[in-house]
Amino acid sequence: MRIGIDVGGTHTDAVLMEHATVLASYKTPTTPSITGGISTALRSMLQQTRVNTSEIHAVMIGTTHCLNALIERRDLMPVGVVRLGLPSTSSFPPMTGWPSDLREAIGNHVYMAHGGYEFRGRPISALDPNELRGIARDMRNKGIRSVAISAVFSPINTDIELKAAEIIRDELPEARITLSHEIGRIGLIERENAAIINACLLDLAHDMMHSFQQALSELSIQAPIYISQNDGTLMNDEAAERYPVLTFACGPTNSMRGGAFLSGLTDAIVMDIGGTTSDAGLLLRGFPHETSAPTEIGGVRNNLRMPNVYSIPLGGGSIVEYDGNEVRIGPRSVGYELTKRALVFGGDTLTATDIAVAAGLADLGNRNAVAHLPANLVKRAVDTIQMQIAYAVDSMRMSPEPVPAIIVGGGSILIQDRLPGITEIIIPDQYAVANAIGAAIAQMGGETDRIFSFSQIPREEALKEARQEAISRAINAGADPSTIRVTEVEEIPLSYVPGNTTRIRVKAVGDLGRVW
Amino acid sequence: MRLIDEEDIKHLALGAALLSGGGGGSTYATLHQSLEAVRRHGPIKLLNIDELDDDALVISLCGMGAPTVAIEHLFAKDTHANALHFLEEHLGRKADAIMSLEVGGANALTPLPVAASEGLPVVDADAMGRALPELQMTSFSVYGLSAAPMALHDDNGNRCIIDTVNNYWVEQFARSITTDMGARAATALYPLSGKQIKQAAIRDTISQAMAIGKAMQTSHLKQQPIRLLQEILHGHVLFEGKVLDIQRYSDVGFARGSASISGVGPYQGQTLELKFQNEYLLTQIDSKICATVPDTIGIFDQRSGSAISVEELRYGFRVTVLVIPAPPVWRTPEGLALVGPRAFGYDMEYVPFEQQES
């Protein structure tokens with residue numbers, strides 16, 4: 001049996017699953033302490049089902065705790081930033097273009113050193129051990145305990161970042177070191193930024209994992225903990241302490257994957273309708289379609305793989321305004337105060353939920369409280385809601401062929417039974433805890449992203465090598481080899497470079513061994 | 001003459017991306033380098049072409065390499081200044097002003113950090129009016145002006161002067177050497193007189209790009225980015241749709257490819273085929289040609305109005321295809337010989353998109 005938990009901004013959801021069956025689920029408000037909601041949910045589920053805790057083989061947790069800390073600039077560690085690339089790259093020192101409050105929060109400890117590679121793997125300059133030792137000693141004097149190392153083109157040859165880490169560790173044995181090639185892909189600035197962000201969250205990630213472990217052992221659950229990643233796969237506890245940055249977008253990913261699981265579909269649009277906003281995403285072969293362009297998080301440009309999500313400011317708590325002529329819905333929302341402020345719950349604010357009740361789409365609270373709303377208003381508001389949702393859903397479609405849409409999240413009541421261009425609308429039974437289910441069913445993955453020159457290595461061999469590398473990374477992460485499949489292969493020829501030079505990216509995933 | 005400050009630079013970066021027609025590389029690094037340079041050295045002088053002395057020496061600066069390499073192998077601080085100085089040394093004369101060869105993409109900003117640190121003015125002009133993939137594809141070539149002698153410089157200090165019989169050979173040599181330099185080189189080229197610049201450069205393109213970027217950020221039409229783009233780029237909407245299939249293949253060192261875009265709204269039921277190399281080159285709707293190089297074909301995100309580069313183009317993007325008329329110099333027989341459809345391997349006559357049947 002497995003437990004899946006999603007710690008969201010307002011609610012903590014949990015499910016207990018055996019194979020494909022949800023044995024129990026629980027929804028509780030998120031508490032200021034990260035584990036409060038988790039303990040409440042787990043205790044309740046264990047009582048409900050009387051399951052023996054020794055039967056629980058894994059606990060999967062999705063949380064945006066680390067992302068929130070970055071955005072709020074709290075609990076961040078000072079980071080020593082070391083870039084290998086001199087004499088190149090000095091036109092753009094590390095952390096250029098960062099918000100100044102974040103630079104201050106993690107110190108301004110930037111070092112540029114020799115090293116790095118050209119695009120075909122030739123060194124830009126030799127690594128200089130003495131230079132690195134000097135940097136390490138300077139960091140020691142400053143009391144730095146977390147170091148981020150990046151090198152030009154490290155995704156095509158990881159040696160130099162590994163070697164630099166070894167030298168720095170020699171001088172600074174207690175330091176925790178984040179290597180850029182372990183986190184990001186081609187694109188030095190964005191990959192380096194992701195590594196720095198990761199490095200500043202290490203203490204927090206450590207404390208978080210410790211709290212999780214404590215909460216579980218208080219309930220006598222001995223099972224290993226896994227943490228949800230942005231791409232819908234899992235990290236074990238050790239990896240989660242090392243790569244907190246990979247958890248940032250697990251919320252939408254988990255609800256999409258949970259929706260897919262509940263509906264039995266692998267290719268569909270998933271619409272997660274919340275209280276304030278709604279997110280539409282596309283599932284391809286069971287995984288979220290990802291963005292390829294750099295994005296910004298907490299004001300920092302990065303190239304972390306994130307689910308491609310189209311968000312609209314519309315949810316169950318959206319405030320509805322009507323001037324007798326035009327209807328406006330959102331972006332303002334009553335949010336978590338829905339059950340106090342909405343008309344049907346005895347409040348004085350007209351919300352999208354009230355419209356759904358007035359239109360007969362849902363039966364919630366006191367229906368009489370919305371009986372006075374003009375029919376004209378209700379009709380227009382319903383039309384506006386459907387139009388906005390239909391547009392968001394349509395934006396995620398990849399082909400003119402009709403696709404099914406899976407609706408999850410608490411705001412699912414806003415949806416009528418049809419949307420234009422959508423073959424079928426599926427609102428699964430357990431739509432409200434789809435994200436916890438998404439966490440519970442996640443798999444282990446491995447990825448590779450490298451540049452090959454087909455004039456040096458034939459294309460077929462290069463593809464084989466890349467696939468093999470992704471597969472062995474998935475196995476190293478804990479995937480059961482018998483279940484591994486390659487989920488993505490991407491080839492991007494490089495322009496202006498002779499020799500048929502191509503970037504190949506491969507991703508493989510497999511089930512966690514023995515947790516079903 | 002006017003002074004360029006930080007705001008102007010941000011506007012220029014945005015405008016340069018919008019004018020790029022899918023190529024030219026990301027402006028992110030050159031933008032921040034330029035901002036940093038202005039913070040350190042103060043504002044940069046932007047000279048109108050008419051303010052140049054006829055006998056002034058003007059040198060163009062241009063980063064060379066591949067966009068995919070550029071996002072990884074960032075330049076050393078002084079490489080472009082070094083290229084300029086090397087060419088000056090070779091010529092035995094200091095430049096009076098510098099300029100950008102290519103207003104589309106990253107190279108629109110390449111001269112700015114050098115201008116700031118060396119105290120040189122930048123000429124309000126370029127030689128492409130958009131982004132183009134090769135060094136001989138300039139309005140200067142149309143007027144028979146030579147790109148050589150040209151200086152090529154890498155971050156390690158390797159450098160050379162290229163002198164050739166014509167601009168085609170400049171491109172050939174420079175491309176090979178740049179590849180040996182790690183597909184990353186700074187170039188200083190087209191050493192020309194003020195008189196030649198007045199005759200052959202495409203004027204006012206830097207201030208136009210700035211105005212475009214500024215409008216995108218401040219206009220009251222901001223909420224309707226596509227309408228705004230149409231106005232400020234003098235562009236015509238060719239198509240609206242969703243990117244479906246993308247094919248990419250490598251062909252003699254250039255990444256080529258095609259995409260199909262399935263129509264939405266008024267274009268429902270139609271399909272636009274898009275051919276690209278480093279830039280978008282050709283479009284046809286239901287097999288009928290509707291726009292080709294040298295007119296600039298821009299692909300814009302429908303929601304934000306941001307330009308989508310060839311590298312960024314992906315399945316599922318919802319886009320508007322805009323055509324921007326080519327500068328007059330590109331529509332001359334000499335211009336078309338350099339950058340018309342045939343220069344990119346398409347065996348067809350150029351027809352200005354306004355005159356295409358569809």
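# Exercises on a predicted model

Six bridges connect strand β1 (residues 2–7) of chain A with strand β4 (residues 58–63) of chain A, and the two run parallel. The structure is a predicted model, and the exercises below start from this pair of strands.

**Exercise 1.** Determine which strands of the open sheet in chain A stand at its edges.

*Solution.* Begin with the order of the six strands, which is β3-β2-β1-β4-β9-β10 in chain A, with mixed pairing. In chain A, β3 (21–29) and β10 (234–236) each have a single partner strand, so one side of each has no neighbour in the sheet, and these two are the edge strands. From one strand to the next, the twist averages 20 degrees.

**Exercise 2.** Identify the residue of β4(A) opposite A:Asp6, and the strands that helix α9 of chain A touches.

*Solution.* First, the residue opposite A:Asp6 in β4(A) is A:Gly62. Next, helix α9 (residues 250–263) of chain A packs on the sheet, where its contacts are with β1, β4 and β9 (225–228) of chain A. The direction of α9 makes about 125 degrees with that of β4(A).

**Exercise 3.** Establish how the buried residues of helix α2 in chain A are arranged around its axis.

*Solution.* Start with the residues themselves: in helix α2 (residues 65–72) of chain A, A:Cys66, A:Leu67 and A:Leu70 are buried. Viewed down the axis of α2(A), the buried residues lie within an arc of 100 degrees, so they line one face of the helix. Their cover includes α6 (188–200), α7 (202–218) and β14 (295–297) of chain A. After α2(A) comes A:Arg73, with a positive phi near 55 degrees.

**Exercise 4.** Classify A:Asp511 as buried, partly exposed or exposed, and list its contacts.

*Solution.* A:Asp511 is located in the segment after β23 (501–510) of chain A. Count its surroundings: 17 other C-beta atoms lie within 10 Å of A:Asp511. A buried residue requires 20 or more and an exposed one 12 or fewer, so A:Asp511 is partly exposed. Leaving aside residues up to four places away in sequence, A:Asp511 touches A:Gln443, A:Ala479, A:Asp480 and A:Thr483. The C-alpha atoms of A:Asp511 and A:Leu234 are 10.0 Å apart, although 277 residues separate the two along the chain.

**Exercise 5.** Compare the radius of gyration of chain A with that of a compact globule.

*Solution.* For 516 residues, a compact globule would have a radius of gyration near 24 Å; the value for chain A is 25 Å, which agrees. Buried residues account for 53% of the 516 residues in chain A.

Methods
Residues are numbered from 1 along each chain as its sequence is written. Chains are lettered from A and ligands numbered from 1 in the order in which they are written. This is a predicted model: local features need pLDDT of at least 70, side-chain atom pairs count only at pLDDT 80 or more; totals for chains, interfaces and linings use all residues. Two strands pair if DSSP finds at least two bridges between them. Helices (H or I, at least four residues) and strands (E, at least two) are DSSP runs, numbered from the N terminus. Axes are lines fitted to C-alpha atoms, for helices over the stretch in contact, and angles run from 0 to 180 degrees between N-to-C directions. Two residues are in contact if their C-beta atoms, placed from the backbone, lie within 7 Å. The radius of gyration is taken over C-alpha atoms; the globule rule is 2.2 Å times the number of residues to the power 0.38. The arc is that of the directions from the helix axis to the C-beta atoms.
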